[in-house]
Amino acid sequence: MNMPNQTQSVTRDKLYCKKCSRGLMFPVIEEGEAEYTENYQCNNCGHVATIPSVLIIVSQLFTGIVGGLFSLVLFIEELETLMTAFQFNISVSIATDMALLSIALIFIAGFTFTVFRAVRDIRKRKSYRIPLH
Ligand SMILES: [Zn+2]
């Protein structure tokens, strides 16, 4: 592991060390690794922390919201089909419709979880942006 390089990482948003409250957290980029690392190290006390990157948070939010909306539309459409079938006594394969509804629900739950995780990551990143001293 290389020591954080200060000159290399002039970031717009400063991340403060929570441990010593004196140093700044700099990304630890190992060779062959992507630039948007989540591993940070304090330039003062050497405290290592995982701070979610903005890129990952944004992609999580995007996936969660778009995927969630898409699943919701599918769910509502499927529910409408089922309701119409019941209303007009049209024989439909209830088992198939129920299965589709369940799958849509699972997807909605999954995407909701993704959004929640992104929000948690935003909070975590934000907590490093407040200087303690
Ligand atoms: Zn520190």
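What does the secondary structure of the protein come to? In this predicted model, the protein has 2 helices and 3 strands. Along the sequence, these elements follow the pattern β-β-β-α-α.

The strands pair through β2. Strand β1 covers residues 25-27, and β2 covers residues 39-42. These two strands run antiparallel and share 3 bridges. One residue of this pairing can be named: F26 has Q41 of β2 as its bridge partner. Strand β3 spans residues 48-50 and pairs with β2. This pairing is also antiparallel, again over 3 bridges. Here N39 stands opposite T50 in β3. The hairpin of β2 and β3 has 5 residues between its strands. Within that hairpin, G46 takes a positive phi near 85°.

The largest nonpolar core draws on the paired strands. It contains 6 residues: L15, C17, M25, F26, Y40 and C42. Two or more of these residues come from β1, and two or more from β2. F26 thus appears twice in this account, as a core residue and as the bridge partner of Q41.

Figures for the whole protein complete the description. The chain has 133 residues, and 11% of them are buried. Contacts were also sorted by separation along the sequence. Among those between residues at least 6 apart, 57% join residues at least 24 apart.

Notes:
Residues numbered from 1 in each chain as written. Predicted model: local features only at pLDDT ≥ 70, side-chain atom pairs only at ≥ 80, totals over all residues. Core = buried A, V, L, I, M, F, W, Y, C linked by C-beta atoms within 7 Å. Buried ≥ 20, exposed ≤ 12 C-beta atoms within 10 Å, placed from the backbone. Helix = DSSP H or I, 4+ residues; strand = E, 2+ residues; numbered from the N terminus. Pairing = 2+ DSSP bridges. Contact = placed C-beta atoms within 7 Å.
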